[in-house]
Amino acid sequence: MACGIELDRSRYPLVVMRAGEEYTQDDWEALMSGMIQLIVKGPFGLINDTRGSRMPNAMQRRSVAQMYVDYERQTRAHMLASGIVGNSSLVNGILTALNWMKPPPHPIKVFSSITDAERWVLQHFSRDLRGQTTGPCV
């Protein structure tokens, strides 16, 4: 992905987020809106593929922290786990951003591959939820 941000719900309740190296503030706002919709809707797990992406700016990092504040109850109940895939410096930056105001209200772990992240996230799903996902992340 060269630009933009994709929030792939095709395997819901397993959701994959991918950001290109050149996303806009409008792309970010659409992502945040999509994340809020997911958090309100019901249980899901997230794979955040950061490979090839730049780190969110300060305003974008604050929006993630604010989402956790505004939707804490729903996030605790519905966001089962988040597996982050990417290079170490970017991933460390994202984790710092997520922990900026307060730690995320869900399990989070860093991986070097989509396969490992998917396996870990799915471990946090009930048997019924695991059965609703089909095919591997690509």
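Helices here are DSSP runs of H or I with at least four residues and strands are DSSP runs of E with at least two, both numbered from the N terminus. The model is predicted, and local features need pLDDT of at least 70, side-chain atom pairs count only at pLDDT 80 or more, and totals for chains, interfaces and linings use all residues. Residues are numbered from 1 along each chain as its sequence is written, and side-chain values use heavy atoms, with hydrogens and water left out.

Q: What makes up the fold, and in which pattern do the elements follow one another along the sequence?
A: By that definition the protein has six helices and five strands, and reading along the sequence gives the pattern β-β-α-β-α-α-β-α-β-α-α. Of the contacts (heavy atoms within 4.5 Å) with a separation of 6 or more, 73% are between residues 24 or more positions apart.

Q: Why is A117 called buried?
A: Buried means under 20% relative accessible area, exposed means over 50%, and partly exposed lies in between (1.4 Å probe, protein chains only). The relative accessible area of A117 is 0%, which is under 20%, and therefore A117 counts as buried. A117 belongs to helix α5, and, not counting residues up to four places away in sequence, it touches I47, G83, V85 and F111. Its C-alpha atom is 9.3 Å from that of D49, although the two residues are 68 apart in sequence.

Q: Why is D26 described in the opposite way, as exposed?
A: D26 has 59% relative accessibility, which is over the 50% limit, so it counts as exposed. The residue lies in helix α1, and its C-alpha atom is separated by 9.8 Å from that of I5, 21 residues apart along the chain.

Q: Why is L38 classed as buried?
A: L38 has a relative accessible area of 2%, again under 20%, so it is buried. This residue is also in helix α1, and, leaving aside neighbours within four places in sequence, L38 is in contact with L7, R9, Y12, V15 and F44.

Q: Why is β3 said to be largely enclosed by the rest of the structure?
A: Six of the six residues of β3 are buried, so the strand is largely enclosed. In a regular strand the side chains alternate between the two faces of the sheet. In β3, F44, L46 and N48 on one side and G45, I47 and D49 on the other are all buried, and both faces are thus covered.

Q: How do you know that β2 and β3 are paired, and in which sense do they run?
A: Two strands pair if DSSP finds at least two bridges between them. Here β2 and β3 have five bridges, in the parallel sense, so the condition is met. R18 stands opposite D49 in β3.

Q: What makes a group of residues the largest nonpolar core, and which members touch the most others?
A: A nonpolar core is a set of buried Ala, Val, Leu, Ile, Met, Phe, Trp, Tyr and Cys residues joined through side-chain atoms within 4.5 Å. The largest such set has 18 residues, among which L7, M35, F44 and L46 touch the most other members. β1, β2, α1, β3 and α2 each supply at least two residues, and α1 gives the most, with six. A second, separate core of 14 residues includes L14, V16, L80 and F125.

Q: How do you know that F111 and W120 form an aromatic pair, and what makes the pair tilted?
A: Rings of Phe, Tyr and Trp (its six-membered ring) pair if their centres lie within 6.5 Å, and planes under 30 degrees apart count as stacked, over 60 as edge-to-face and the rest as tilted. By this rule there are two aromatic pairs. One of them joins F111 and W120, with centres 5.7 Å apart and 50° between the planes, so it qualifies as a pair and as tilted. Both F111 and W120 are buried.

Q: What makes R54 and K41 residues whose charge sits over a ring?
A: The rule asks that NZ of Lys or CZ of Arg be within 6 Å of the ring centre and within 35 degrees of the ring normal. The charged end of R54 sits over the ring of Y23, 3.9 Å from its centre, and K41 lies over the face of Y12, at 4.2 Å from the ring centre. Both distances fall within 6 Å, so the distance condition is met. Y12 also precedes a cis peptide bond, to P13, with omega near 20°, and P13 is found in the loop between β1 and β2.
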